[in-house]
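Biologist: Before we begin, could you take me through this model feature by feature, giving the general idea and then the case at hand?

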Amino acid sequence: NFLDNDIDRINMTFAILLSLKGIPIIYYGDEIGSQNNFSYAQRWAKIREKRDKNKNKSSEMLSYFDSRDIHRGAIKRNTFYRAMYRNNNFNSKIYKNVKRLIEVRKNYNTISRGDFIEVKSDKPQVFSYLRKGKYDKILMVNNLSDKKVFAELDTNHLNLNETDTEIKMQELITKEPKIFIIENKKLIIKLKPYETMWLSFK
């Protein structure tokens with residue numbers, strides 16, 4: 001299966017992949033939540049083994065199984081069409097989220113080219129970091145757990161004033177404005193299970 005087939009967990013994973021430093025790589029089929037194809041991988045392992053035996057190779061292989069084959073099996077064209085044009089099935093929910101994340105990443109160069117700064121949290125299950133550009137900053141916050149969580153985030157790199165008691169941000173994925181309370185120089189945030197936020201501010 002693909003991350004326990006949990007749509008929220010899958011969407012969070014893509015959000016992390018597309019907001020970290022470097023070039024994100026998505027295996028074909030992952031953008032629609034395609035399942036790992038072990039039967040395809042096992043079939044090709046047998047083909048390799050048979051091919052070697054036919055060549056009378058004397059060396060012994062530890063394994064003919066190539067884990068990359070898990071992602072190389074055929075995917076029916078209709079599966080892609082349903083992901084693109086239907087709204088409520090498993091594949092379409094993942095596809096539309098990935099499409100939205102890529103759209104936001106393209107529109108905000110800071111996500112792909114900005115400096116990467118870790119933002120400390122008082123909760124180990126909250127993975128947060130800042131992508132800092134020349135003109136803007138984007139705070140990435142991810143709840144890695146399957147439980148709701150209240151977290152306090154370090155604000156050292158957010159350039160707040162000493163008297164600030166709140167901060168206004170724009171959530172880029174949902175396009176929703178957000179206001180967060182600041183207490184003792186900590187940003188207070190509530191996250192749903194596997195929730196991700198891309199929070200833009202100046």
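Modeller: Let us start with the aromatic rings of this predicted model, where F116, F127 and Y129 form one aromatic cluster.

Biologist: How many aromatic pairs are there in total, and how should I read the geometry of one of them, such as Y40 and W44?

Modeller: The count comes to five aromatic pairs. For Y40 and W44, the ring centres are 6.5 Å apart and the planes meet at 50 degrees, so this pair is classed as tilted, that term covering angles that are neither under 30 degrees nor over 60.

Biologist: Where do Y40 and W44 sit relative to one another along the chain?

Modeller: The general idea is that an α-helix has 3.6 residues a turn, so residues three or four places apart point the same way. In this case Y40 and W44 are four residues apart in helix α2, which spans residues 38-54, and about one helical turn separates them. Y40 is buried, its relative accessible area being 18%, whereas W44, at 29%, counts as partly exposed.

Biologist: Turning to a whole helix, how does the length of α4 agree with what is expected, and which of its residues are buried?

Modeller: Helix α4, made of the 18 residues 90-107, reaches 26 Å from its first C-alpha to its last, which is close to the 26 Å expected at 1.5 Å a residue. Its buried residues are N91, S92, I94, N97, V98, R100, L101, V104 and R105.

Biologist: What covers those buried residues of α4?

Modeller: The cover includes the helices α1 (7-17), α3 (77-85) and α5 (109-113), together with the strand β8 (196-201).

Biologist: Since α3 is part of that cover, which residues make the nonpolar surface patch of about 350 Å²?

Modeller: That patch is made by Y81, M84 and Y85. Of these, Y85 is placed in helix α3, and with a relative accessibility of 61% Y85 counts as exposed.

Biologist: How should I read the salt bridges, and how many does a search of the whole structure find?

Modeller: In general, side chains of opposite charge can pair when their charged atoms come close. Here the search of the whole structure finds eight salt bridges. One of them joins R48 to D69, with the closest N and O atoms 2.6 Å apart; R48 lies in helix α2 and D69 in the loop between α2 and α3, so this pair ties together parts that are 21 residues apart in sequence. R48 is partly exposed at 21% relative accessible area, while D69 is buried at 3%.

Biologist: What other salt bridges can serve as examples, such as those of D66 and K178?

Modeller: D66 forms a salt bridge with R68, the closest N and O atoms being 2.8 Å apart; D66 counts as buried at 17% relative accessibility, and R68 as partly exposed at 45%. The side chains of K178 and E176 also meet in a salt bridge, at 3.5 Å from N to O, and here K178 is partly exposed at 23%, as E176 is at 39%.

Biologist: Let us move on to loops: where are S34 and H71 placed, and what do they touch?

Modeller: S34 is in the loop between α1 and α2 and is buried, with a relative accessible area of 17%. Leaving aside neighbours within four places in sequence, S34 is in contact with F2, G29 and I75. H71 lies in the loop between α2 and α3 and counts as partly exposed at 23% relative accessibility; under the corresponding exclusion of residues up to four places away, H71 touches Y27, Y28, D30 and N36.

Biologist: Finally, how should I compare separation along the chain with separation in space, taking H71 and L20 and then N143 and R9?

Modeller: H71 and L20 are 51 residues apart along the chain, and their C-alpha atoms are separated by 23 Å. For N143 and R9, which are 134 residues apart along the chain, the C-alpha separation is 9.4 Å. N143 belongs to strand β3, residues 137-143, and is buried, with a relative accessible area of 0%. Not counting residues up to four places away in sequence, N143 touches M12, Q125, K148, V149, L191, K192, P193, Y194 and E195.

Terms used. Residues numbered from 1 in each chain as written. Predicted model: local features only at pLDDT ≥ 70, side-chain atom pairs only at ≥ 80, totals over all residues. Heavy atoms only, no water. Helix = DSSP H or I, 4+ residues; strand = E, 2+ residues; numbered from the N terminus. Expected span 1.5 Å × (residues − 1). Buried < 20%, exposed > 50% of the residue type's maximum accessible area, 1.4 Å probe, protein only. Contact = heavy atoms within 4.5 Å. Phe/Tyr/Trp six-rings, centres within 6.5 Å; stacked < 30°, edge-to-face > 60°. Patch = residues over 30% accessible without salt bridge, like charges linked within 9 Å, V, L, I, M, F, W, Y side chains within 5 Å. Areas by Shrake-Rupley, 256 points an atom, 1.4 Å probe, with all protein chains shown as cover. Salt bridge = Lys/Arg side-chain N within 4 Å of Asp/Glu carboxyl O.
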